[in-house]
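This report describes a protein through its strand pairings, its nonpolar cores and its ring contacts. The structure is shown below.

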Amino acid sequence: MGEFLLLGIAVVVVFVFVFIAGAVNIVRQHEKSLIETLGKYTSTKGPGLVFIVPFFQAIRRVDMREQIIDVPSQVVITKDNVSVNVDALVYFQITEPTKVVYNVANFALAASKLAQTTLRNIVGGLELDTALTSKDRINEQLRLVLDEATDKWGVKVTRVEIKEITPPKDITDAMSKQLKAEREKRASILEAEGLRQSAILKAEGAKQAVILEAEATKEQAILEATGKAEAIKRVAEAEKFKIETVYKAIHEGNPTNDLIAIKYLEALAAVADGQATKIFLPLETVGVTSSIGGIAELFKDVKAQISQPKA
């Protein structure tokens, strides 16, 4: 009898322990709990300590953090009939836990398949070159489609990233050769443009040098001409001053014809004293002869006066 009593007490203790363990639940900060009573949803509890009635109530935890779905790689035929491998990542966050639990059986699988079919439609409508250079546009289109489709599941698709679009090896090799050719072409164009600019700059420099040299020669010629003109002007002014001074002195001295004749003869003597074999005399020879005759008479009168005896 005592053994049955101990066994009963042990069963009660275990039952109480199981009941308490099932009744007390701790919900973490990033979770929300859905309370079901006899299989029917009754309430949503936030983080903290949550009590339920075991065997009658159940709790379903929902992770509210942002999560990632890795969309499996698939073969897609582009608009220009090139087969490429495409895979992506889908980032989502649950906004309404009741919808994601009760409106879809397996959200991750459903979102993955939806992303695959949407990717096939989007990439299939593009040519290879456009698909390779339009990842951002593909990401945005895929995000909009998934966000609209998953709204009824209480999920917000935050962003979508295309991991890789891989064309076949022969297409990749051809693209690499094309890219290399384009780079070499751009390098040749840049080199030719550099040579052209260099030639233009050299020509401009030579032109500028010629212009500056011509300007310098012009300035030098102008300065030399100005100096010569100034020198001629100064010499002319000096000659003018000399002539005016002599002319003034002659008129102020009031010379006689005899003095003028003597000076004339002295000038002729100076002319005849040169190295020239021919001497050109002035045309006024009659006047000169008469002047010489006058001078001779003058000398005779003077000689006669000297030879007369003194009284």
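## Pairing of strands β6, β7 and β8

Val-76 stands opposite Val-84 in β7. The model is a predicted one. Strand β6, residues 67-77, runs antiparallel to β7, and 9 bridges join the two. The hairpin formed by β6 and β7 has 5 residues between the strands, and within this hairpin Asn-81 takes a positive phi near 60°.

Strand β7 also pairs with strand β8 (residues 155-166), again in the antiparallel sense, over 10 bridges. In this pairing, Val-86 has Ile-165 of β8 opposite. Strand β7, which spans residues 83-94, is mostly covered, with 9 of its 12 residues buried.

## Overall features

The protein has 311 residues, of which 21% count as buried. Its secondary structure consists of 8 helices and 8 strands. The accessible surface comes to about 22,900 Å², and carbon and sulfur atoms account for 61% of that area.

Contacts between residues at least 6 apart in sequence join, in 65% of cases, residues at least 24 apart.

## The nonpolar cores

Which residues have the most contacts inside the largest nonpolar core? They are Val-84, Val-90, Phe-107, Leu-119, Val-123 and Ile-138, in a core of 34 residues. At least two residues of this core come from each of β6, β7, α2 (97-102), α3 (107-124), α4 (128-133), α5 (135-149) and β8. A second core, separate from this one, has 5 residues, among them Val-27, Ile-35, Ile-52 and Ile-59.

The surroundings of Ile-138 can be listed individually. When residues up to four places away in sequence are not counted, Ile-138 touches Leu-119, Ile-122, Val-123, Leu-126, Ala-131, Ile-162 and Ile-165. Leu-119 and Val-123 thus recur: they are contacts of Ile-138, and they are listed with Ile-138 among the residues with the most contacts inside the largest core. Ile-165, another contact of Ile-138, is the residue opposite Val-86 in the pairing described above.

## Aromatic pairs

How many aromatic pairs does a search of the whole structure find? The search gives 3 such pairs. In one of them, the rings of Phe-107 and Trp-153 have centres 5.8 Å apart and planes at 85°; because planes over 60 degrees apart count as edge-to-face, the pair belongs to that class. Phe-107 lies in helix α3 and Trp-153 in the loop between α5 and β8, so this pair ties together parts that are 46 residues apart in sequence.

Both partners are covered. Phe-107 has a relative accessibility of 9% and therefore counts as buried. Trp-153, at 13% relative accessibility, also counts as buried. Ring pairs further link Phe-92, Phe-107 and Trp-153 into a cluster.

## The sheet of β3, β2 and β5

An open sheet of 3 strands, with antiparallel pairing, follows the order β3-β2-β5. Strands β3 (40-45) and β5 (57-63) are its edge strands, each pairing on one side only. On average, and with direction ignored, neighbouring strands of this sheet are turned by 30° against each other. Strands β2 and β3 run antiparallel and are joined by 5 bridges, with Thr-37 opposite Lys-40 in β3.

Is Glu-31 buried or exposed? Its relative accessibility is 14%, and because buried means under 20%, Glu-31 counts as buried. Glu-31 belongs to strand β2, which covers residues 31-37. Leaving aside neighbours within four places in sequence, Glu-31 is in contact with Gly-46, Pro-47, Arg-61, Val-62 and Met-64.

## Positive phi values in loops

Most residues other than glycine have a negative phi. Leu-38, a residue other than glycine, has a positive phi near 55°. Leu-38 is placed in the loop between β2 and β3, and its relative accessible area of 67% makes it exposed.

Phe-55 is likewise not a glycine, yet has a positive phi of about 75°. Phe-55 is found in the loop between β4 (48-51) and β5. With a relative accessible area of 63%, Phe-55 is exposed, because exposed means over 50%.

Terms used: Residues are numbered from 1 along each chain as its sequence is written. This is a predicted model: local features need pLDDT of at least 70, side-chain atom pairs count only at pLDDT 80 or more; totals for chains, interfaces and linings use all residues. Side-chain values use heavy atoms; hydrogens and water are left out. Helices (H or I, at least four residues) and strands (E, at least two) are DSSP runs, numbered from the N terminus. Buried means under 20% relative accessible area, exposed over 50%, partly exposed in between (1.4 Å probe, protein chains only). Contact means heavy atoms within 4.5 Å. Accessible areas come from the Shrake-Rupley method with a 1.4 Å probe; for residues, only the protein chains shown count as cover. Two strands pair if DSSP finds at least two bridges between them. A nonpolar core is a set of buried Ala, Val, Leu, Ile, Met, Phe, Trp, Tyr and Cys residues joined through side-chain atoms within 4.5 Å. Axes are lines fitted to C-alpha atoms, for helices over the stretch in contact, and angles run from 0 to 180 degrees between N-to-C directions. Rings of Phe, Tyr and Trp (its six-membered ring) pair if their centres lie within 6.5 Å; planes under 30 degrees apart count as stacked, over 60 as edge-to-face and the rest as tilted.
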